[in-house]
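Subject: Handover of a structure and notes on its contents

Dear colleague,

Please find below the structure that I am passing on to you. My notes follow it, arranged by topic.

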Amino acid sequence: MSVENVIIIGSGPAGFTAGLYTSRAQLNPLLITGNEIGGQVALTNEIENYPGFPDGVTGGELVERFQKQAERFGTRIEYDYVSEVDFSEHPFTIRTQFGSEYKTKSVIISTGATPRKLQIPGEEELTGRGVSYCGTCDGFFFRGKEVVVIGGGDSAIEEGIFLTRFATKVTVIHRRDELRASKILQKRAFENEKMAFIWDTIPLSINAGENGAVNSVTLKNVKTDEVSDFPTDGVFIFIGHAPNGQIFDGQLDMVDGYVVTDKYMHTSIPGVFAAGEIQDNRFRQVASSVGQGTQAAMEAEKFLLELEDRTYEDVAAELSGA
Ligand code: NAP
């Protein structure tokens, strides 16, 4: 079996950027996409804060551009999902859902994060029948209908504003009396006539009507404990994200599901790097993920250069400060 120089796991902004840099460095990288190309960005309607696009850009277009640029310099793309890794021996082993096995000298992890669930009755059963985690994907199905948005962060407010293009009314239900979202988004939301707000309130369950689709949410006011039913055709949930790191459990140092890296994007295993939301629960921006993908790629390049005339054990010992 041939040994790869570098395998990049994940196809979000960090992954494609790592592909761009490592391919331009002539490392012939292999990028394994995961189930959703582009990750969360691909599902974002409009991105206004990525430099170079003064008029904004859709998530889909940005991902397409990232991929094209990475491929232009020779990044090989595999449409597969990594199901298992073994970092205990070098070269490392990577296995996929479709049954491929790879050996590689270095790895860049950029598996990102996925939307967090409320874990309340009705949520799972009604996903796709009125419950959604993506306005861009599903907003169209709610033309002329009324929907609720759960959450008070940037995602909830941005997606809520987007949903007013389709829905006649978008009611944001937030557990506090103040939004977490940025001031500019808050201002837009408060000025939008189709948006309404219910404060200090959490959903207890999502309920179906006779047709098996969502027709109400049961809400509880956390200050008064009052419980009530609120009629709605759709429930959009934006309560943050959980890192996609289960396959690294026991292989790398992790905290709360996030892969731990130092400031150079090195994980606890020399030769394994991580970039983007899998190791960043603070910034979580396209621009910061791109920067981290760049750093991880440059460090992988340096690591591979070191390996050219030394053993893995020697390089690893030096990196660990031994
Ligand atoms: P977030 O900032 O973590 O916000 C999550 C929201 O959900 C918070 O308002 C939180 O309430 C609420 N929440 C959490 N768990 C809940 C539960 N169990 N029940 C009810 N509500 C719950 O997540 P995000 O909005 O997805 O944003 C993630 C990151 O991406 C942030 O750094 C954000 O700035 C960034 N982002 C930026 C943009 C942009 O710049 N345009 C767009 C989207 C996302 P509390 O406020 O009470 O904690």
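How far does a polar side-chain atom of Ser155 lie from an oxygen atom of the ligand? The separation is 2.7 Å. Please bear in mind throughout that this is a predicted model.

The ligand and its surroundings

Two other side chains also place an N or O atom beside an oxygen atom of the ligand: for Asn49 the distance is 2.8 Å, and for Arg180 it is 2.6 Å. The ligand taken alone exposes 910 Å², of which the protein buries 79%.

The ligand is surrounded by 19 residues, and the closest are Asp154, Ser155, Glu158, Arg176 and Arg180. By class, this shell consists of nine polar, six charged and four nonpolar residues. Helix α5, which spans residues 154-163, contributes the most to the shell, with three residues.

Helix α5 and helix α6

Helix α5 also packs with helix α6 (residues 183-191): their axes come within 10 Å and cross at roughly 40°. The crossing is left-handed. On the α5 side, the residues in contact are Asp154, Ile157, Glu158 and Ile161, and they meet Leu185, Gln186, Arg188 and Ala189 of α6. The residues of this contact comprise four nonpolar, three charged and one polar. Asp154 and Glu158 thus appear both in this contact and among the closest residues to the ligand.

Helix α1 and helix α7

A second helix pair is formed by α1 (residues 13-24) and α7 (residues 286-307), which pack at an angle of about 40° with their axes 7 Å apart. The crossing of α1 and α7 is right-handed, whereas that of α5 and α6 is left-handed. From α1, the contact takes in Pro13, Ala14, Thr17, Ala18, Tyr21 and Thr22; from α7, it takes in Val286, Ser289, Val290, Gly293, Thr294, Ala297 and Met298. Eight residues of this contact are nonpolar and five are polar, with no charged residue present.

Backbone features in two loops

Most peptide bonds are trans, and most residues other than glycine have a negative phi. Two places in the model should be read with that in mind.

Which kind of peptide bond joins His90 and Pro91? The bond is cis, with omega at about 0°. Pro91 sits in the loop that runs between β4 (82-86) and β5 (92-96).

The second place is Asp256, which is not a glycine and yet has a positive phi of about 55°. Asp256 belongs to the loop between β17 (254-255) and β18 (258-259).

Yours sincerely,

A colleague

Note on methods:
Residues numbered from 1 in each chain as written. Predicted model: local features only at pLDDT ≥ 70, side-chain atom pairs only at ≥ 80, totals over all residues. Heavy atoms only, no water. Axes fitted to C-alpha atoms, helices over the stretch in contact; angles between N-to-C directions. Helix = DSSP H or I, 4+ residues; strand = E, 2+ residues; numbered from the N terminus. Left-handed = near helix turned anticlockwise from the far one by under 90°. Contact = heavy atoms within 4.5 Å. Nonpolar A, V, L, I, M, F, W, Y, C, P; charged D, E, K, R; others polar. Near = heavy atom within 4 Å. Polar contact = N/O pair within 3.5 Å; in protein donor to acceptor, adjacent residues only side chain to side chain. Areas by Shrake-Rupley, 256 points an atom, 1.4 Å probe, with all protein chains shown as cover.
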